[in-house]
Amino acid sequence: MTRQLIGGALALCLSVADACAQEVPPPDPTDAVEMIELMLGRVPSRYDTPLAAMQGLGDLYVRLLDGARADAPGDLGLWILLGDVALRSADAGLTQSYAADLLPLYRQDPEAVLAALSDAPWLAASACHHLSAYFGSEDRPEEDRAPFLEAERARIADALPGPAAETCLTALATPR
């Protein structure tokens, strides 16, 4: 677990460095610190109370999702990383939000989502868990899983490194 947290922190730092190298504004440094603190299981220090931290997490989620939808550099990867943090921390509300939001974002630009996962293949398990959770959740029919999986199987297998592709396809085939 600690190794994965360190890997996540390193990925976040690399995304900041990559954004700087591309002359793209880097993520807000306070957001980066918040992400690292969340990965470490701490209440983010930028907030005075746990309630403020919970509301701040909701704001961070929306900001990164909006940026990912608008193709803002780095926001998609950070949003997917936040989804990994949500799953590991067993945050039911946040996990349900990912279950509702990731598949529509994937359908908007599957190549972008798969490129982000290819750059950070260790996030494939959690991202594909969230994709899988879309089906059969709330009013979304479970029967849509098989056609989606069949339509996307080759694209996922081609885009992701072997083990990450296998992990993703297994997660997508497994009802949540």
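Let me start with Cys128 and Cys168, which are both buried in this predicted model, and which form a disulfide with their sulfur atoms 1.9 Å apart. For those meeting the term now, a disulfide is a covalent bond between the sulfur atoms of two cysteines. The structure holds 1 disulfide, and this pair links distant parts of the chain, since Cys128 belongs to helix H7, residues 124-134, while Cys168 belongs to helix H9, residues 162-173, with the two positions 40 residues apart in the numbering. If you look along the S-S bond of Cys128 and Cys168, the angle about that bond is -80°, and the link is left-handed.

Let me now turn to a pair of helices. Two packed helices are described by the angle between their axes and the distance between the axes. Here helix H4, residues 75-88, packs against helix H5, residues 92-108, at an angle of about 145°, and their axes lie 10 Å apart; the crossing of H4 and H5 is left-handed. On the H4 side the contact is made by Leu76, Trp79, Leu82, Gly83, Ala86 and Leu87, and on the H5 side by Leu94, Thr95, Tyr98, Asp101, Leu102 and Leu105. Sorted by character, the residues of this contact comprise 9 nonpolar, 2 polar and 1 charged.

My last stop is Ala115, which sits in helix H6, residues 110-119. Is Ala115 buried, partly exposed or exposed? Its relative accessible area is 37%, and because buried means under 20% and exposed means over 50%, Ala115 counts as partly exposed. Finally, the C-alpha atom of Ala115 is separated by 9.2 Å from that of Gly77, although these two residues are 38 residues apart along the chain.

Terms used
Residues are numbered from 1 along each chain as its sequence is written. This is a predicted model: local features need pLDDT of at least 70, side-chain atom pairs count only at pLDDT 80 or more; totals for chains, interfaces and linings use all residues. Side-chain values use heavy atoms; hydrogens and water are left out. Axes are lines fitted to C-alpha atoms, for helices over the stretch in contact, and angles run from 0 to 180 degrees between N-to-C directions. Helices (H or I, at least four residues) and strands (E, at least two) are DSSP runs, numbered from the N terminus. A crossing is left-handed if the near helix is turned anticlockwise from the far one by less than a right angle, and right-handed if clockwise. Contact means heavy atoms within 4.5 Å. Ala, Val, Leu, Ile, Met, Phe, Trp, Tyr, Cys and Pro count as nonpolar, Asp, Glu, Lys and Arg as charged, and the others, Gly among them, as polar. Buried means under 20% relative accessible area, exposed over 50%, partly exposed in between (1.4 Å probe, protein chains only). A disulfide is a pair of cysteine sulfur atoms within 2.5 Å.
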